[in-house]
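Please open the model in a viewer and follow the stops below in order.

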Amino acid sequence: MNSMQNNGDNLLEMRDIHKYFGSVRALRGIDFHVDRQEIVGLLGDNGAGKSTLIKVLTGFHTPTSGEIVFEGESVYIDSPHRARELGIETVYQDLALVPLMSIARNFWLGQEPTRNFGPVKLMDQEQMAVEAAAALEDVGIHIRDANEVVGSMSGGERQSIAIGRAVYFGKKLLILDEPTSALSVGETRKVLEYTYAAKERGMSVIFITHNISQVHAVADRFTIISRGRKLGDFTKSEVSEEEVATMVMSGVVPERLRLFDPEAVDD
Amino acid sequence: MLAFFEENAEASTGVQLARIYMVLLGLGALLVAEQVLAGWIALGERINVLRSDINFIEWVVSLAFLLLAAAALRAAWSLWRRDRAGWPWSQWVSFFSTIIGAVFLMKALLPGGIAQISNLVAPPLDTLIFAIGALLFVSGLLCYRFVTRGVQVFDEKVDKAQGALSTAASDMTPGQFISLQLAQSPSAGAIIGFVFIFLVFSFVTDLFLQPTSVGSVLTNVSTKGIVAIGVTILMISGEFDLSVGSMLGAVSVFYMFFLTEGIPQIGLGPMPMLLAMPAALVVAMLLGFINGIILVRTGIPSFIVTLGTLLIYRTIPLVAIPGGRILRYRDYYDEFPQLWISPWVLTLLALAGLVAIAYVAWRTLPGLWRGQQFRYGEIHNAANDGHFKTTQTLISGVILLVTALALLIIAVWLLMVISFHLGRGGELVQVGFFDLINGRWGFSFEQVTGGLFSIFIPPGANFRNSIIWWLLLVLLFQVVLTQSRYGNSVFAVGGNPGAARAQGINVNRVKVMNFMLVALLVGVTSILEVTRNPGVDPLKGDGWELEVIAMTVIGGALLSGGYGSVIGTLLGALIVGMLATGLVIIGMNARLFRGVVGAITILAVVLNTLVRRQST
């Protein structure tokens, strides 16, 4: 269970990440790793540093110190564009899709297929619609019409499309930022299904939330963060849902688990 | 009505009535068409005419009634034969008879306005027109209500979305079909407003459809319309530009100086006229770049940035032209510049045109032909139940024929131009440079094409080349906005900058590019304005920014970004132009213009919002 040992199939490893904003110490030496085809629940109370950690990973912030290793190579992620190049895709709750644009246009945004009319390149709208629908169908997402405007769809459908898009474009690491906090129970279940489908297709997933019940069903492992430090990594088999919830709220690791986690002890 | 077709029930009284109504309507419409063609019903302007002189409006109206008659008889035929096509046919026929009736009522009820004062009209047959209108309107409405009863209403969101694609258009009632089409268009308010204002002005005064008025509307609005294209695209990406008017003044002065005295302070002499143009465009893009870069680097809202540059850019012409007078080209030279074009250049241009025509033909005609073949085959496909298949085949055939003929005519004309210029044997063609850029129609065309292309423009009508540039630019940027990858990123940047950034789009770059695009179009406009009436007014473009934003907003663009269309802005510009000219024609105080434009702006946006809310 200790992070330092599974080097064989590590997709991502963040070592001793510090991030200071002036005198505010948002991250104080966090080690975080994700294996291949693993769903990691990144948990923590509001202000614990989850979002900062992810923004460091996706290039919105650069770390004050620390190292990021992606697919065995040390990388320097200084822009969201760089993160995308590496194959890291983030699905933000409000930032996933453009509401006034159609599903197909959203799906292909930034990498639209084109047809050539002499020297002129125009988007191939028919191909865009057909392929987007097929790709989403492939992940199990049924849409009525790829030319429908996203604005008329529910939050869960939008998340699903964003996930399907990441799968289609062969991303390696999918980051879901509080994807289900505004969704109904049924929709949450669907989003979790698609998350699982993404894993089945070889992706790793970081699932950020402060609510353990949303992610317990699909996550393989939980990383809990509190006040800029990591409380620990726990595989699903060794902790109960209640214990994780207590840790997230109190920031204290129960007696039973402490022996196994040297980092938490040295606090 | 539904039961009559679906369950093969006995024809009810209603169906019997509908059958009879369609027959009567068909015959009635034929009668009206005949009366108009024979001159017994006079429409439009009739000056010292024989009864057999049919004017344009009467041609249009009689054609409309002939089509209505044909459709009504077609519907009646299907209703008697009990084939299912009778249903959509009767829906559409009653729909259009209601519309035509409403238009006639409008014509009869609106005051004649200045038309009577100017003594140009035959005594109006208002009672006859009123009677025809009322009859068509009431009977059409009743029939429409009956025919569409029982059709499930597409008012649920889900149904509406499906209706767009999975349901064939003929399964919707005309009302549903039209409202769905409007709801899917960004410029519903502009379309409705355009039709309404156009009809009102053409009914209230016969002067409105005269070439002089049409020319005045188009020419006045074309330059503002070009700026509005850029402002629309910028607004879609979530920003706007208040500095366009000042920029126009500044770039005009630069262009004028480039053409005449240069800028001695920096050691720049006068430029050749062909170089002055790109130089002015570069200056314009620089000004736009300044706008964009301030916005992106400081993060100040574009309102503030461009308000600042509005004031700054205006000082350029005010300072550069001493005394605030109007600087004229004639102050420097007695003669306007002339171009001597080698016929070989024109021949080459014509050859390039031929290649383009051949390419277009190669890309479009085979597809149209296949579509026509397919539709022809579908006529006898029983599964379709006869739903408009014959009509669609007919229409697609006409489109195919017209496209082919148009391409052929242009190609033949280009060949004629080539042979004409080859026949001249190297003699240079002389064209007034300003005429070429923004001359009046009638002069410039003939000079370039050697008289092979001339259209009759009545004296006094002011059509200028800027209209052509405007329409070409609208077409170009409509394609860029809706069909290109760049256009897609513009919508994304305005609709949700975060999502655009997350998909790897450089949001700031798109915004700066759009500011430069606006500036480029302002540069084009400056050149057109300077060459129109060769000279510069230091206050040129003062107040344009708001008028242009009004055009854009009437056209359906959202101030908050992410939504809008160039075609909508074209309509918005036409609405503003029609008001400017129309209010003067009907003898209203011209000072009302701004107020009316303001009211129309609010109304159009309210309409747009209502239609959009209905759709999502």
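Which helix of chain B gives the most to the lining of the largest pocket? Select helix 4 of chain B, which contributes 13 residues; helices (H or I, at least four residues) and strands (E, at least two) are DSSP runs, numbered from the N terminus. This is a predicted model, in which local features need pLDDT of at least 70, side-chain atom pairs count only at pLDDT 80 or more, and totals for chains, interfaces and linings use all residues. Residues are numbered from 1 along each chain as its sequence is written, chains are lettered from A and ligands numbered from 1 in the order written, and side-chain values use heavy atoms, without hydrogens and water.

The pocket has a volume of about 1600 Å³. Next, select Phe96(B), Ile99(B), Ile100(B), Val103(B) and Leu199(B), the closest to its centre of the 44 lining residues. The lining divides into 36 nonpolar, 5 polar and 3 charged residues.

Turn then to the largest nonpolar core (buried Ala, Val, Leu, Ile, Met, Phe, Trp, Tyr and Cys residues joined through side-chain atoms within 4.5 Å; buried means under 20% relative accessible area with a 1.4 Å probe, protein chains only). Among its 104 residues, those touching the most other members include Tyr255(B), Phe433(B) and Trp470(B). Helix 21 (residues 507-532) of chain B supplies the largest share of this core, 12 residues. Select Tyr255(B): its contacts (heavy atoms within 4.5 Å) include Met277(B), Phe433(B) and Ile527(B), leaving aside residues up to four places away in sequence.

Finally, display Val91(A), Ile143(A), Phe207(A) and Val215(A), which are among the 50 residues of a second, separate core.

Technical notes:
1 Å grid on protein atoms, 1.4 Å probe; cavity = no way out; pocket = protein on both sides within 12 Å on 5 of 7 lines; lining within 4 Å. Points joined across faces, edges and corners; volume = space filled by probe spheres on them. Nonpolar A, V, L, I, M, F, W, Y, C, P; charged D, E, K, R; others polar.
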